[in-house]
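This report concerns how the chains of an assembly meet one another. Please consult the sequence and the structure shown here while reading.

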Number of protein chains: 6
Amino acid sequence: MFSLTVRDHMMIAHSFNGEIFGPAQDLHGATYVVDVTFEREALDGDDLIVDIGLASKVLSEVIAEFNMKNLDDLEVFAGRNTTTEFMAATVFDRMAAAIHQGRLGETGKGLCAMKVTLGESHIAWASYHGNL
Amino acid sequence: MFSLTVRDHMMIAHSFNGEIFGPAQDLHGATYVVDVTFEREALDGDDLIVDIGLASKVLSEVIAEFNMKNLDDLEVFAGRNTTTEFMAATVFDRMAAAIHQGRLGETGKGLCAMKVTLGESHIAWASYHGNL
Amino acid sequence: MFSLTVRDHMMIAHSFNGEIFGPAQDLHGATYVVDVTFEREALDGDDLIVDIGLASKVLSEVIAEFNMKNLDDLEVFAGRNTTTEFMAATVFDRMAAAIHQGRLGETGKGLCAMKVTLGESHIAWASYHGNL
Amino acid sequence: MFSLTVRDHMMIAHSFNGEIFGPAQDLHGATYVVDVTFEREALDGDDLIVDIGLASKVLSEVIAEFNMKNLDDLEVFAGRNTTTEFMAATVFDRMAAAIHQGRLGETGKGLCAMKVTLGESHIAWASYHGNL
Amino acid sequence: MFSLTVRDHMMIAHSFNGEIFGPAQDLHGATYVVDVTFEREALDGDDLIVDIGLASKVLSEVIAEFNMKNLDDLEVFAGRNTTTEFMAATVFDRMAAAIHQGRLGETGKGLCAMKVTLGESHIAWASYHGNL
Amino acid sequence: MFSLTVRDHMMIAHSFNGEIFGPAQDLHGATYVVDVTFEREALDGDDLIVDIGLASKVLSEVIAEFNMKNLDDLEVFAGRNTTTEFMAATVFDRMAAAIHQGRLGETGKGLCAMKVTLGESHIAWASYHGNL
């Protein structure tokens, strides 16, 4: 199995609901270093997993929905806690939709799985890994 | 599949038995940067994989058994080589026991797998990955 | 010259005033990985620059003023932009005050300079370096 | 499942064929930070996954075929694009052959899978993961 | 003293002249992770060292002269060895010229010094530090 | 000012004397990631700060005195605490002596200063910086 990862980041504000979150119930924020790993079983005719330039461009477009925002203000997240793990799955869903729309080109259609990892600090990160 | 990783570290002395270890047969030591990855199939009602504060606290308690110790002096390791890979499995076993005892709370009971990685230097690390 | 660095982090929300900030004028946030470097010309009688346990504890106490907060709500920052570089100087000031109060112990009094670096992402960080 | 990773690097020149590569069609180069992960189901009698000294030595020998070279000049790559993902699979193949030849010793024969990751920058890396 | 660092990278081919270089006399290549540190004594009226967006844009423009190139083909380097340390000074010179031309805006004119670091691998990097 | 850094590591056991060390008074150990930074004002005739191959070889030889050892057993450290900062200065002294003996070649004689940093974990490191 082949895989290729590209890295970008986003800077967001948010707060959490629930006693389990302690002081994180207050409005605070995070830098998420976003790693997206694209998986496929064989290389394409150019010896590529995916067009890395296109992959980076689409990732940048996807996270623009969240970057420099207060996630508490986004209707799409109403009733949810925008935890690191939840946001990893959210970025996964957006990237998967982009791939299915053909935004990663022909080669993107050969991808079989993807993993999104969000690093919230030097000591904690979360991932969502799924099939495409 | 969702996963969440927390990082801590421990500083230990030890020596190895067996010609294959060369100069590492003498008493020396290591800093192990310890990454524990918790896996579960769906988020809980708080949009969490596990309570990250609780996970960090339990990890710290688990590695306190080894931190600032000479592993050669611990009876539990008699007859074994406390290699990086062996210690990864050991931390896994201790963390798994803690989860089964409920020390990671109700959410901890929904975890399905775990991976423990011990980094011994900038150029070498070892992991143990298993089901819970 | 000797130096010792300890690392911690804080997660904050904030917004900026001024056209130069573009989309960062909106409420967003950051994880700041905080590195504090303590400098002294000679080691103390224990062969130490500073008590590392005490240094880590005081750093944690200092950044608790900001961690899990919306910096826009803190009166002490009224009229200022809490940029990464501004916050580096702020942490410097708090740590310097702690040292002068003796919170780093006797050894802390022998420190001659300090540098505070705040990492805001994998591609940007800012520092303040000054004498004590 | 146990795994052990060792890291080395190689510095190569190359160019790519195909419009998809844009400016990378011109002769340029890369530092590849090479991580090889060895997997096995149980530790051997010495509590090892593999002899780490031997693993590092064989990896160094394997990448010597490419290090400090212009990959465009190597006949073995004629008609292929030596992308990061392609080179990850190439290093995998060379390491797998070395293992099957017994160059990682008796313990090497117990390995069941391997993953090779080539880091091309702080924001991109590619892997090949396969059974042995 | 305040400082702010931004990171980018470039991928180049080159060869060296002189026996001291051994196998690096052959055509090979490198990824250079480029860190540019801007220094100033006091923050500007926006609480900034420099406009980070502008700094990143200018850095990207400066390294475009070298990125995806064979440095041996650039006339400007005739008779020189484009070592990591030499290229650090070269990027410094280009960035300094850009600052003096006002390409970092009004705030850029308040900078007093700069440091350029080029990382060539996980185990080697070189810098040039100078006044502006 | 130019600088070049090379990285290596050593794995040692030791214990400390003095109440300030708490549990570190017991025998434990550390991996020290060792960064040595060589400084000079101008490049030599080959556009080098120092011969990087020679620098790495001499560093490896210097730390062989400590690597895979219990520092408590070395007479040269009798009566001292082999703290991270103390060991940084010790490696500095050994490297400085090697340079003065000509072990870094002719180019090594043009070096004006050096900095040695020992990383003991992902959250703590210490340095010694001095003239040559």
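The following paragraphs treat the model's confidence and then two chain-to-chain interfaces.

This is a predicted model, in which local features need pLDDT of at least 70 and side-chain atom pairs count only at pLDDT 80 or more, while totals for chains, interfaces and linings use all residues. Residues are numbered from 1 along each chain as its sequence is written, chains are lettered from A and ligands numbered from 1 in the order in which they are written, and side-chain values use heavy atoms, with hydrogens and water left out.

Chain A has an average pLDDT (the predictor's confidence in each residue, from 0 to 100) of 97, and 100% of its residues score at least 70. The model as a whole has an ipTM of 0.96 and a pTM of 0.97.

**Chains C and A**

A turn of 180° with a shift of 0.0 Å along the axis lays chain C on chain A with an RMSD of 0.0 Å, which is the relation of a two-fold axis. The superposition is by least squares on the C-alpha atoms of residues with pLDDT of at least 70 in both copies. Because 100% of the interface residues of chain C are also interface residues in chain A, the copies meet through the same surface.

The rule finds seven residue pairs in polar contact across this interface, both residues at pLDDT 80 or more. A polar contact is a pair of N or O atoms within 3.5 Å; within protein, one must be able to donate a hydrogen and the other to accept it, and residues adjacent in sequence count only if both atoms are side-chain atoms. On the side of chain C that touches chain A, the elements giving two or more residues are β1 (2–14), β2 (28–40) and β3 (113–121) of chain C. β1(C) supplies the largest share, six residues. Strands here are DSSP runs (E, at least two residues), numbered from the N terminus.

**Chains E and C**

The side chains of E:D47 and C:R80 form a salt bridge (2.5 Å, N to O). The term denotes a side-chain nitrogen of Lys or Arg within 4 Å of a carboxyl oxygen of Asp or Glu. On the side of chain E that touches chain C, strand β1 (residues 2–14) of chain E gives the most, with six residues.

**Buried area and salt bridges**

Buried area is the accessible area (1.4 Å probe) that two parts lose on being put together, summed over both.

| Interface | Buried area | Share on carbon and sulfur atoms | Salt bridges |
|---|---|---|---|
| Chain C and chain A | about 1700 Å² | 67% | zero salt bridges |
| Chain E and chain C | about 1500 Å² | 52% | one salt bridge |

Key. Contact = heavy atoms within 4.5 Å. Helix = DSSP H or I, 4+ residues; strand = E, 2+ residues; numbered from the N terminus.
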